[in-house]
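Reader: I'd like to understand where the descriptions of this model come from. Could you walk me through them?

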Amino acid sequence: MALHYSVIDECPCPKPMFPILRKLEKETGANFESIYRGTDVAKLLAKFGKHDQAWLFEHLPPGVANPPGRSTHELFSDGVPYPGPVGRKLVWWQCGIDINDADVDSVIEAARRHGWTLFRPYGAGVEYHHVNFAHKPSRWKAFYRAVFKPRTSRKPKGKHPTALSEHGAEFIAGFEGFRSAAYWDPWGDVWTIGFGHTSGVKSGQRVSRAKALKLLQADAKTAATAVKDLVHVHLSQNQFDALVSFVFNLGAGALAESTLLKKLNKGNYKGAAREFQRWDHAGGVVLAGLTRRRKAEAALFLKKGSS
């Protein structure tokens with residue numbers, strides 16, 4: 001099956017890799033300089049003033065660019081990042097990635113926080129900017145679905161609420177913690193206020209709790225959209241709010257690949273509710289705060305009313 005491509009920073013890249021790189025770019029502000037450069041995207045590269053591997057090998061000084069058919073930028077092995085014979089065909093996640101030198105370390109660190117391992121196969125020197133994934137990135141399918149939302153022939157069996165309710169916002173707020181004054185979040189490297197709101201926040205800014213709840217509802221729209229896209233059965237408002245809380249806390253990828261979702265989409269609501277409690281770990285350790293939140297989400301999911 002032919003591999004399709006997307007473009008990030010005017011660089012063609014394998015389509016499954018695009019959501020992952022976009023995530024890392026947003027978190028670090030990095031600039032990607034070159035990714036896939038096979039002859040099949042030569043015209044697209046030319047549109048951005050770039051060249052394919054064959055052109056680089058022919059026009060650059062000897063030793064600067066690998067010959068065609070021997071570069072991870074074409075999805076062929078050169079014998080360095082991955083074992084096996086030179087010229088062996090590689091898969092999408094093994095594509096070479098060139099990053100601005102100043103951004104390499106921050107991108108590697110951001111990837112590590114997601115459980116992805118990027119490494120520099122050529123070490124220092126002129127190829128310092130080149131990185132490869134050591135393994136297929138975990139949860140890549142969930143990131144792919146979240147960005148491209150491929151059509152499915154399976155139609156929802158019931159209706160979904162359209163948004164997180166005010167009660168749902170209060171429910172999430174009870175676990176997020178309220179800050180009326182803007183503060184610098186060193187983990188996210190961003191100014192934050194209210195119940196974790198970050199968009200457009202500046203030093204010295206203040207917010208009321210009522211306004212912060214409105215911001216929380218707006219921030220939860222992405223999580224609400226993920227729930228609507230992934231769930232194919234009828235949901236009450238309480239069930240919808242519980243799932244939005246789950247995604248808001250853990251991300252769409254967690255729900256997308258969960259047994260909770262599989263059971264729910266088979267109509268096993270009680271079985272799905274029992275799955276919430278499996279998500280109370282972080283780094284292999286059970287956290288009391290997550291245990292409390294998962295129990296509350298399961299209870300809200302099973303609560304009668306708000307149909």
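Reader: What makes you say that both faces of β6 are covered?

Author: Happy to start there, with the reminder that this is a predicted model. Buried means under 20% relative accessible area. His-130 and Asn-132 on one side of β6 meet that description, and so do Val-131 and Phe-133 on the other. With buried residues on either side, both faces count as covered.

Reader: How do you know that β5 and β6 are paired strands?

Author: Pairing takes at least two bridges between the strands. β5 is joined to β6, residues 130–133, by 2 bridges, and the two run antiparallel. Leu-118 stands opposite Phe-133, while Phe-119 has Asn-132 as its bridge partner.

Reader: And what about β4 and β6: how many bridges do they have?

Author: β4, residues 97–99, pairs with β6 over 2 bridges, again antiparallel, which satisfies the cut-off of at least two. Ile-97 has Val-131 as its bridge partner.

Reader: Why are β3 and β5 said to stand at the edges of the sheet?

Author: The 4 strands form an open sheet in the order β3-β4-β6-β5. β3 and β5 each have a single partner strand, so one side of each lacks a neighbour in the sheet.

Reader: What makes the set of 42 residues a nonpolar core?

Author: Membership takes buried residues of the nonpolar kinds listed for a core, joined through side-chain atoms within 4.5 Å. The largest such set has 42 residues, and among those with the most contacts inside it are Val-227, Leu-243 and Phe-276. Elements giving two or more residues include α6, α7, α8 and α13, and α9 gives the most, with 6.

Reader: Which residues is Val-227 in contact with, beyond its sequence neighbours?

Author: Leaving aside neighbours within four places in sequence, Val-227 touches His-160, Leu-235, Phe-240, Leu-243, Val-244, Val-247 and Leu-255. Contact here is heavy atoms within 4.5 Å. There is also a second, separate core of 33 residues, which includes Val-41, Leu-90, Val-131 and Phe-143.

Reader: Which residues of α7 are buried, and what do they pack against?

Author: Ala-212, Leu-213, Leu-215, Leu-216 and Gln-217 are the buried ones. The buried residues of α7 pack against α6, β8, α8 and α9.

Reader: Last one: how is the lining of the second largest pocket divided by class?

Author: The lining has 10 nonpolar, 11 polar and 6 charged residues. Of the 27 lining residues, Arg-37, Val-64, Ala-65, Asp-98 and Glu-127 lie nearest the centre. By class, Arg, Asp and Glu count as charged, and Val and Ala as nonpolar.

Definitions and conventions
Residues are numbered from 1 along each chain as its sequence is written. This is a predicted model: local features need pLDDT of at least 70, side-chain atom pairs count only at pLDDT 80 or more; totals for chains, interfaces and linings use all residues. Side-chain values use heavy atoms; hydrogens and water are left out. On a 1 Å grid over the protein atoms alone, a cavity is a set of points where a 1.4 Å probe fits but cannot get out, and a pocket is an open set with protein on both sides within 12 Å along at least five of seven lines; lining residues have an atom within 4 Å of a point. Buried means under 20% relative accessible area, exposed over 50%, partly exposed in between (1.4 Å probe, protein chains only).
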